[in-house]
Amino acid sequence: MFKRKKKSLSEYSMGELVMFRFRKNKLAMFGVFLLAAVFLAVLLAPVLSSYDNVVQMHVKDRFTSPNGSYIFGTDEFGRDLFARVLYGGRISLLASFAIIGIALVMGALIGGAAGYFGGRVDSVLMRVVDMLMAVPSTLLAMAIITALGNGVWKLVVALAVSQIARFSRIVRSAVLTLRNVEFIEAAQCYGCSSLRIIVKHILPNGIGPIIVSATLNLGQTILSISSMGYLGLGVASPTPEWGTIISENKANIQAYPYLGLIPGICIALTVMAVNFIGDGLRDAFDPRTKN
Amino acid sequence: MEESKVSLLEIDALTVEYRTDDAIVHAVNDLDLRLDKGETRGLVGETGAGKTTLALSVLRLLPERVGHIAGGSIRYEGRELLQMPEAEMLALRGKRISMIFQDPMTSLNPTHTVGDQILEVLNLHFPEMTKQQKEAKVDEMMTLVGIPPSRKTDFPHQFSGGMKQRIVIAMALVAEPELLLADEPTTALDVTIQAQILELIRNLKNQFHTAVLLITHDLGVVAEFCDTVSVVYAGRVVEYGTVEAVFEKKNNHPYTAGLFGCIPDLKDDQPRLHPIAGRMSDPRVVHEGCCFCDRCDHAMERCKTVAPAMHVHKGHGIACHLFENREDF
């Protein structure tokens, strides 16, 4: 019998430890599993259904409850809800990840520069951010879409811009609290350059709150895309998107609840999965929760 | 003063100001200090006397925008540090001059293992060493400070305060610097650990021939540990000399005498200690005369208007008008 040599806890590297702790977190693993399932279904959309079904109207079969041939049923035009939800998920997920990605990178650049260099750089950048924050983010996104016109990528730009301010603030405060910590001063004392300090000492210590807020905002962004879709901004019918699907069926939800429930459950499950992952990551990144 | 040889560290007329929106704080005023190779000098003074500011000035790490070196010079092995390009300063910090901070709890990065943190100093300053050599050096250094090398994969939170300070010392000395600035290295530790840490610094200092500038407010530590001492008040050196000359307690600056008066003496049966009256002078005010005259029992009229010069006798300097024409101290 070969017995796998067991490493003691102290032999793991930082990254391994984070993964180790994350994997022990059952809720977080459930979140990963759930999100993976959603991703898989959305990626396999052409296999499970086809894009034709998204727009094709089977007028004879309108308002069919979920059954063998229409797994999620059909809407008032007789379109297959299953195909619409699958292809809609593609847009919801891709757009929300793109939005968070853009906002995070821009926020990290602005907040990082403001926090680390301080002084005039900080004042100028933060006043711009203040101006962005003074406008409610939904209103800002609506204004940008109105100016740019409808479309998925315009929606992405609009929602990303409206989130930059928030991420800038989070990154800046993470950098600021760490900037004057003694081990940063100590690192300067043994000859670390500014860039090395930011990458090696500030980022690993500040990444926790940034990742957590990014994942929590990811859920919020999926909801924002859907609300914008519901308001008729961004993704417009007949292009499917989870919020848009609910919106276009709103007149018939009382009579045929599955039309709202199914895309609603998709939104809720995805947001929940993302939030579980965010919480799990936060706990895993914190070295003090190590046991 | 004996000026024949070049000292390791020469600070002349250093003036450091903190400029805030409301006021200019004069943290260090016209301060002179010398440190020879292998020498251990104590830098004694109250909180706010400018001791830490002095150490940060040497490393050119004063808080940006606020801290300004308004004048004077700091020479290291005869080279002016205040005009040195930042790239050369980076190479100097940690390799030739290191610093130990007061609080070991916060001076280690919680996200890296202690081994990695000692290793980083080597990575920064000895890129020519192989990975094995560096690892071996880390092990050797940990053994020297009394931490088993098997614990180098542990994180700082798994160590006690005294052990963390040992790690910090290992980081400071792994590059075998010529000068160690120790900023109250034992203040945050309890008394039993204090003695161990000082003993450890002393042993390593002898092994690596490192000069130490020990910043402290504890005269007992100075008497125990240092060769020479400089007493700092309001950003100025008011007295310097060998530990023997200063601790003889025959001829002292009134401020130093006041400090001694605050320590209980085992041989003497005093009912009360004698704290120095008044408070540290406001560092925002520029003094025309002696900075200590408001609190001094021997203050004369001219103390208020004329700043005393440093009167030196056999390497023992006292900046006080009382010692102006005396040849006997």
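**Helix 4 of chain B and the A–B contact**

Trainee: B:Gln132, B:Gln133, B:Glu140 and B:Thr143 are exposed, on the other side of helix 4 of chain B. What makes a residue exposed or buried?

Mentor: Count the other C-beta atoms, placed from the backbone, within 10 Å of its own: 12 or fewer is exposed, 20 or more buried, in between partly exposed. By that count B:Val138, B:Met141 and B:Met142 in helix 4 of chain B are buried. Their directions matter too: seen down the axis, the buried residues fall within an arc of 100° (taken from the axis to the C-beta atoms), so they line one face of the helix.

A word on the source: this is a predicted model, where local features need pLDDT of at least 70 and side-chain atom pairs 80 or more, while totals for chains, interfaces and linings use all residues. Residues are numbered from 1 along each chain as written, with chains lettered from A and ligands numbered from 1 in written order.

Trainee: What do the buried residues of helix 4 of chain B pack against?

Mentor: Helix 3 (114-125) and helix 5 (161-173) of chain B, where contact means C-beta atoms, placed from the backbone, within 7 Å.

Trainee: How do you know that the span of helix 4 of chain B agrees with its length?

Mentor: Helix 4 (residues 131-144; a DSSP run of H or I, at least four residues, numbered from the N terminus) has 14 residues. The expected span, 1.5 Å times one less than that number, is 20 Å, and the end C-alpha atoms are 20 Å apart, so the two agree. After helix 4 of chain B comes B:Gly146, with a positive phi near 85°.

Trainee: How many residues does each chain give to the contact?

Mentor: Chain A gives 20 and chain B 27. Helix 9 of chain A gives the most to chain A's side, with six residues.

Notes
Helix = DSSP H or I, 4+ residues; strand = E, 2+ residues; numbered from the N terminus. Contact = placed C-beta atoms within 7 Å.
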